[in-house]
Amino acid sequence: MLTAEKIEGLLKVQINCEEGRLLRLMSCDNSIKSIFVYHSFDSSIPCRFDLRVKTAISIFNDMVNYILQNEGNVDKSKIAEIDMNSILPTKEIIANAMIEIQNWYILLKEILEKCSLSELYERATKLSMMNYIILANFCGITDFCKNINNSRMLRRFSNFQNQTNQLSRGSIPLGAYLNEVQNHKEYIESMYKIYAEFELEEEDFLQFMLLFDIRKNKNILHKK
(Lines give C-alpha, C1' and ligand atoms only; values in the text may rest on other atoms or scores of the structure.)
Protein backbone atom coordinates (compact mmCIF):
# COMPACT_ATOMS: atom_id res chain seq x y z
CA MET A 1 0.00 0.00 0.00
CA LEU A 2 1.31 3.43 -0.95
CA THR A 3 1.55 5.31 2.35
CA ALA A 4 2.15 9.03 2.84
CA GLU A 5 5.71 8.19 3.87
CA LYS A 6 6.33 6.25 0.66
CA ILE A 7 4.87 9.08 -1.44
CA GLU A 8 7.24 11.50 0.27
CA GLY A 9 10.17 9.15 -0.33
CA LEU A 10 9.31 8.61 -4.00
CA LEU A 11 9.09 12.36 -4.56
CA LYS A 12 12.63 12.72 -3.21
CA VAL A 13 14.13 10.26 -5.71
CA GLN A 14 16.45 12.21 -8.00
CA ILE A 15 15.43 12.54 -11.64
CA ASN A 16 17.09 14.19 -14.61
CA CYS A 17 14.78 17.19 -14.70
CA GLU A 18 16.20 20.63 -13.96
CA GLU A 19 12.79 22.09 -13.14
CA GLY A 20 11.99 19.38 -10.57
CA ARG A 21 9.63 16.43 -10.31
CA LEU A 22 6.54 18.33 -9.18
CA LEU A 23 6.73 20.74 -12.10
CA ARG A 24 7.24 17.86 -14.51
CA LEU A 25 4.16 16.21 -13.04
CA MET A 26 2.19 19.38 -13.73
CA SER A 27 3.71 19.95 -17.19
CA CYS A 28 1.17 17.88 -19.11
CA ASP A 29 -2.37 16.58 -18.73
CA ASN A 30 -2.66 13.69 -16.28
CA SER A 31 -4.98 12.47 -13.54
CA ILE A 32 -3.08 14.08 -10.66
CA LYS A 33 -3.06 17.44 -12.43
CA SER A 34 -6.83 17.08 -13.01
CA ILE A 35 -7.34 16.43 -9.30
CA PHE A 36 -5.09 19.41 -8.46
CA VAL A 37 -7.23 21.69 -10.64
CA TYR A 38 -10.52 20.18 -9.47
CA HIS A 39 -9.65 20.99 -5.85
CA SER A 40 -7.92 24.31 -6.57
CA PHE A 41 -10.55 26.27 -4.63
CA ASP A 42 -10.86 23.79 -1.77
CA SER A 43 -9.95 25.78 1.34
CA SER A 44 -9.30 22.59 3.33
CA ILE A 45 -6.22 21.86 1.18
CA PRO A 46 -2.93 23.66 2.03
CA CYS A 47 -2.10 26.67 -0.14
CA ARG A 48 1.57 25.81 -0.74
CA PHE A 49 2.13 24.40 -4.24
CA ASP A 50 4.11 21.32 -3.20
CA LEU A 51 1.62 20.40 -0.48
CA ARG A 52 -1.31 20.79 -2.89
CA VAL A 53 0.37 18.47 -5.38
CA LYS A 54 1.09 15.91 -2.66
CA THR A 55 -2.55 16.11 -1.58
CA ALA A 56 -3.62 15.46 -5.18
CA ILE A 57 -1.34 12.40 -5.27
CA SER A 58 -2.94 11.11 -2.05
CA ILE A 59 -6.45 11.64 -3.44
CA PHE A 60 -5.50 9.77 -6.62
CA ASN A 61 -4.03 6.98 -4.50
CA ASP A 62 -7.30 6.65 -2.58
CA MET A 63 -9.29 6.62 -5.83
CA VAL A 64 -7.16 3.86 -7.34
CA ASN A 65 -7.51 1.75 -4.19
CA TYR A 66 -11.28 2.25 -4.29
CA ILE A 67 -11.49 1.29 -7.98
CA LEU A 68 -9.39 -1.85 -7.53
CA GLN A 69 -11.32 -2.95 -4.46
CA ASN A 70 -14.68 -2.49 -6.20
CA GLU A 71 -14.04 -3.84 -9.69
CA GLY A 72 -17.26 -3.86 -11.70
CA ASN A 73 -19.18 -1.99 -8.99
CA VAL A 74 -17.63 1.48 -8.96
CA ASP A 75 -19.67 4.52 -7.97
CA LYS A 76 -18.38 7.01 -10.53
CA SER A 77 -19.43 9.97 -8.40
CA LYS A 78 -16.57 8.99 -6.06
CA ILE A 79 -14.03 9.41 -8.85
CA ALA A 80 -15.53 12.45 -10.55
CA GLU A 81 -12.11 14.02 -11.11
CA ILE A 82 -11.08 11.14 -13.41
CA ASP A 83 -11.90 11.00 -17.14
CA MET A 84 -14.87 8.64 -17.37
CA ASN A 85 -14.16 7.91 -21.05
CA SER A 86 -11.15 5.79 -20.14
CA ILE A 87 -11.21 2.11 -19.21
CA LEU A 88 -11.01 1.71 -15.45
CA PRO A 89 -7.98 -0.25 -14.25
CA THR A 90 -8.32 -3.71 -12.75
CA LYS A 91 -5.83 -5.87 -10.88
CA GLU A 92 -5.68 -8.12 -13.95
CA ILE A 93 -4.85 -5.23 -16.30
CA ILE A 94 -2.10 -4.03 -13.96
CA ALA A 95 -0.65 -7.55 -13.64
CA ASN A 96 -0.72 -7.96 -17.44
CA ALA A 97 0.96 -4.56 -17.95
CA MET A 98 3.79 -5.62 -15.67
CA ILE A 99 4.11 -8.90 -17.59
CA GLU A 100 4.33 -6.91 -20.84
CA ILE A 101 7.29 -4.95 -19.49
CA GLN A 102 8.87 -8.16 -18.22
CA ASN A 103 8.50 -9.84 -21.63
CA TRP A 104 10.10 -6.86 -23.34
CA TYR A 105 12.94 -6.84 -20.82
CA ILE A 106 13.57 -10.56 -21.34
CA LEU A 107 13.85 -10.01 -25.09
CA LEU A 108 16.19 -7.03 -24.62
CA LYS A 109 18.41 -9.15 -22.40
CA GLU A 110 18.45 -12.05 -24.84
CA ILE A 111 19.23 -9.74 -27.77
CA LEU A 112 22.39 -8.66 -25.96
CA GLU A 113 23.19 -12.32 -25.39
CA LYS A 114 23.25 -12.90 -29.17
CA CYS A 115 19.84 -14.34 -30.05
CA SER A 116 19.48 -14.94 -33.80
CA LEU A 117 18.20 -12.05 -35.92
CA SER A 118 15.41 -14.16 -37.44
CA GLU A 119 14.17 -15.04 -33.95
CA LEU A 120 14.52 -11.42 -32.88
CA TYR A 121 12.23 -10.09 -35.63
CA GLU A 122 9.61 -12.73 -34.96
CA ARG A 123 9.56 -12.20 -31.20
CA ALA A 124 9.68 -8.40 -31.46
CA THR A 125 6.54 -8.32 -33.61
CA LYS A 126 4.68 -10.39 -31.02
CA LEU A 127 5.40 -7.99 -28.17
CA SER A 128 2.48 -5.90 -26.97
CA MET A 129 2.03 -3.07 -24.49
CA MET A 130 -1.76 -2.92 -24.77
CA ASN A 131 -2.44 -3.23 -21.05
CA TYR A 132 0.18 -0.60 -20.26
CA ILE A 133 -1.47 1.69 -22.82
CA ILE A 134 -4.83 1.22 -21.05
CA LEU A 135 -3.24 2.28 -17.75
CA ALA A 136 -1.41 5.22 -19.32
CA ASN A 137 -4.67 6.35 -20.89
CA PHE A 138 -6.46 6.12 -17.53
CA CYS A 139 -3.64 8.14 -15.96
CA GLY A 140 -4.22 10.76 -18.66
CA ILE A 141 -0.65 10.71 -20.02
CA THR A 142 -1.56 9.15 -23.37
CA ASP A 143 -4.38 9.60 -25.86
CA PHE A 144 -3.41 8.07 -29.17
CA CYS A 145 -6.64 9.31 -30.77
CA LYS A 146 -5.25 12.83 -30.22
CA ASN A 147 -1.64 11.80 -30.94
CA ILE A 148 -0.66 12.41 -27.31
CA ASN A 149 2.00 10.25 -25.70
CA ASN A 150 3.75 11.61 -22.62
CA SER A 151 4.82 8.16 -21.41
CA ARG A 152 8.57 7.56 -21.40
CA MET A 153 8.06 3.78 -21.31
CA LEU A 154 5.74 3.74 -24.31
CA ARG A 155 7.98 6.10 -26.27
CA ARG A 156 10.93 3.81 -25.60
CA PHE A 157 8.90 0.78 -26.67
CA SER A 158 7.87 2.55 -29.88
CA ASN A 159 11.50 3.51 -30.50
CA PHE A 160 12.56 -0.10 -29.97
CA GLN A 161 10.01 -1.30 -32.53
CA ASN A 162 11.17 1.31 -35.04
CA GLN A 163 14.83 0.49 -34.41
CA THR A 164 14.15 -3.22 -34.89
CA ASN A 165 12.38 -2.47 -38.19
CA GLN A 166 15.36 -0.36 -39.27
CA LEU A 167 17.72 -3.22 -38.42
CA SER A 168 15.62 -5.64 -40.47
CA ARG A 169 15.93 -3.27 -43.46
CA GLY A 170 19.63 -2.78 -42.92
CA SER A 171 19.24 0.96 -42.31
CA ILE A 172 20.86 0.90 -38.85
CA PRO A 173 24.20 -0.75 -37.97
CA LEU A 174 24.01 -3.70 -35.59
CA GLY A 175 26.37 -2.00 -33.13
CA ALA A 176 24.19 1.11 -32.93
CA TYR A 177 21.11 -1.05 -32.51
CA LEU A 178 22.69 -3.00 -29.64
CA ASN A 179 23.60 0.28 -27.93
CA GLU A 180 19.95 1.31 -28.06
CA VAL A 181 18.87 -2.09 -26.73
CA GLN A 182 21.31 -1.72 -23.83
CA ASN A 183 19.92 1.75 -23.10
CA HIS A 184 16.32 0.46 -23.00
CA LYS A 185 17.36 -2.45 -20.77
CA GLU A 186 19.13 -0.15 -18.30
CA TYR A 187 16.11 2.16 -18.19
CA ILE A 188 13.76 -0.68 -17.23
CA GLU A 189 16.27 -1.86 -14.63
CA SER A 190 16.48 1.62 -13.11
CA MET A 191 12.69 1.82 -12.82
CA TYR A 192 12.48 -1.66 -11.30
CA LYS A 193 15.18 -0.78 -8.78
CA ILE A 194 13.09 2.14 -7.45
CA TYR A 195 9.93 0.03 -7.45
CA ALA A 196 11.65 -2.72 -5.47
CA GLU A 197 13.44 -0.36 -3.07
CA PHE A 198 10.13 1.06 -1.87
CA GLU A 199 8.52 -2.40 -1.74
CA LEU A 200 5.64 -1.24 -3.92
CA GLU A 201 2.76 -3.53 -4.81
CA GLU A 202 0.69 -3.93 -7.97
CA GLU A 203 -1.91 -1.59 -6.44
CA ASP A 204 0.76 1.15 -6.43
CA PHE A 205 1.67 0.76 -10.10
CA LEU A 206 -0.44 3.62 -11.50
CA GLN A 207 0.86 6.05 -8.91
CA PHE A 208 4.40 4.95 -9.76
CA MET A 209 3.70 5.59 -13.45
CA LEU A 210 2.57 9.14 -12.77
CA LEU A 211 5.60 9.89 -10.61
CA PHE A 212 8.22 8.32 -12.89
CA ASP A 213 6.87 7.72 -16.39
CA ILE A 214 5.86 11.25 -17.43
CA ARG A 215 8.30 12.83 -19.85
CA LYS A 216 8.97 16.55 -19.70
CA ASN A 217 6.64 18.59 -21.91
CA LYS A 218 9.09 20.92 -23.64
CA ASN A 219 6.27 23.08 -24.97
CA ILE A 220 5.33 24.12 -21.44
CA LEU A 221 8.63 24.02 -19.59
CA HIS A 222 10.76 26.61 -21.37
CA LYS A 223 14.50 26.20 -21.57
CA LYS A 224 16.55 28.65 -19.59
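In this predicted model, helix α10 is mostly covered, with eight of its eight residues counted as buried. The residues concerned are Phe205, Leu206, Gln207, Phe208, Met209, Leu210, Leu211 and Phe212. For Phe205, which belongs to helix α10 (residues 205-212), the relative accessible area is 6%, and the residue is therefore classed as buried, the cut-off being under 20%.

Phe205 also takes part in aromatic pairing. The number of aromatic pairs in the model comes to eight. In one of these, the ring centres of Tyr132 and Phe205 lie 6.0 Å apart and the ring planes stand at 80°, so the arrangement is edge-to-face, a class that requires an angle over 60 degrees. Because Tyr132 is located in helix α7 (residues 130-138) whereas Phe205 belongs to helix α10, this pair ties together parts that are 73 residues apart in sequence. Tyr132 and Phe205 are both buried. A further pair is formed by Tyr195 and Phe205, whose ring centres are 6.1 Å apart and whose planes are at 70°, so that this pair, too, is edge-to-face. Here the partners come from helix α9 (residues 174-197), which holds Tyr195, and from helix α10, which holds Phe205, so the parts tied together are 10 residues apart in sequence. Tyr195 has a relative accessible area of 9% and is accordingly buried. Taken with further ring pairs, these contacts belong to a cluster in which Tyr132, Tyr195, Phe205, Phe208 and Phe212 are linked; Phe208 and Phe212, like Phe205, are among the buried residues of α10.

Helix α9, which contributes Tyr195 to the aromatic pairing, also packs against helix α5 (residues 91-112), the two axes coming within 9 Å and crossing at roughly 140°. Because angles over 145 degrees would be needed for a roughly antiparallel arrangement, the value for this pair makes α5 oblique to α9. The crossing of α5 and α9 is left-handed. On the α5 side, the contact is made by Met98, Ile101, Trp104, Tyr105, Leu108, Lys109, Ile111 and Leu112. On the α9 side, the contributing residues are Tyr177, Leu178, Val181, Gln182, His184, Lys185, Ile188, Glu189 and Tyr195. Tyr195 thus appears both in the contact with α5 and in the aromatic cluster.

Two of the α9 residues in this contact, Lys185 and Glu189, are also joined to each other by a salt bridge, with their closest N and O atoms 2.8 Å apart. Because Glu189 and Lys185 are four residues apart in helix α9, about one helical turn separates them. An α-helix has 3.6 residues a turn, so residues three or four places apart point the same way. The two partners fall into separate accessibility classes, since Lys185, at 14% relative accessibility, counts as buried, while Glu189, with a relative accessible area of 30%, is partly exposed.

In total, the model contains six salt bridges. Another of them joins Arg123 to Glu119, with an N to O distance of 3.2 Å. Both residues are in helix α6 (residues 117-126), where they are four residues apart, about one turn of the helix. Arg123 counts as partly exposed at 24% relative accessibility, and Glu119, with a relative accessible area of 33%, is likewise partly exposed. Salt bridges link Glu119 and Arg123 with Glu110 in a network. A salt bridge is also formed between the side chains of Asp50 and Arg48, at 2.8 Å from N to O, and here Arg48 counts as exposed, with 52% relative accessibility.

Two residues were noted for their backbone geometry. Asn147, although not a glycine, has a positive phi of about 60°. Asn147 is placed in the loop between β1 (142-143) and β2 (148-149), and its relative accessible area of 72% makes it exposed. Glu199 is likewise not a glycine but has a positive phi, of about 50°. Glu199 is found in the loop between α9 and α10, where it is exposed with a relative accessible area of 61%. The loop that carries the exposed Glu199 therefore lies between α9 and α10, the helices that hold Tyr195 and Phe205 respectively.

How values were computed. Residues are numbered from 1 along each chain as its sequence is written. Side-chain values use heavy atoms; hydrogens and water are left out. Rings of Phe, Tyr and Trp (its six-membered ring) pair if their centres lie within 6.5 Å; planes under 30 degrees apart count as stacked, over 60 as edge-to-face and the rest as tilted. Buried means under 20% relative accessible area, exposed over 50%, partly exposed in between (1.4 Å probe, protein chains only). A salt bridge is a side-chain nitrogen of Lys or Arg within 4 Å of a carboxyl oxygen of Asp or Glu. Axes are lines fitted to C-alpha atoms, for helices over the stretch in contact, and angles run from 0 to 180 degrees between N-to-C directions. Angles under 35 degrees count as roughly parallel, over 145 as roughly antiparallel, 65 to 115 as roughly perpendicular and the rest as oblique. A crossing is left-handed if the near helix is turned anticlockwise from the far one by less than a right angle, and right-handed if clockwise. Contact means heavy atoms within 4.5 Å.
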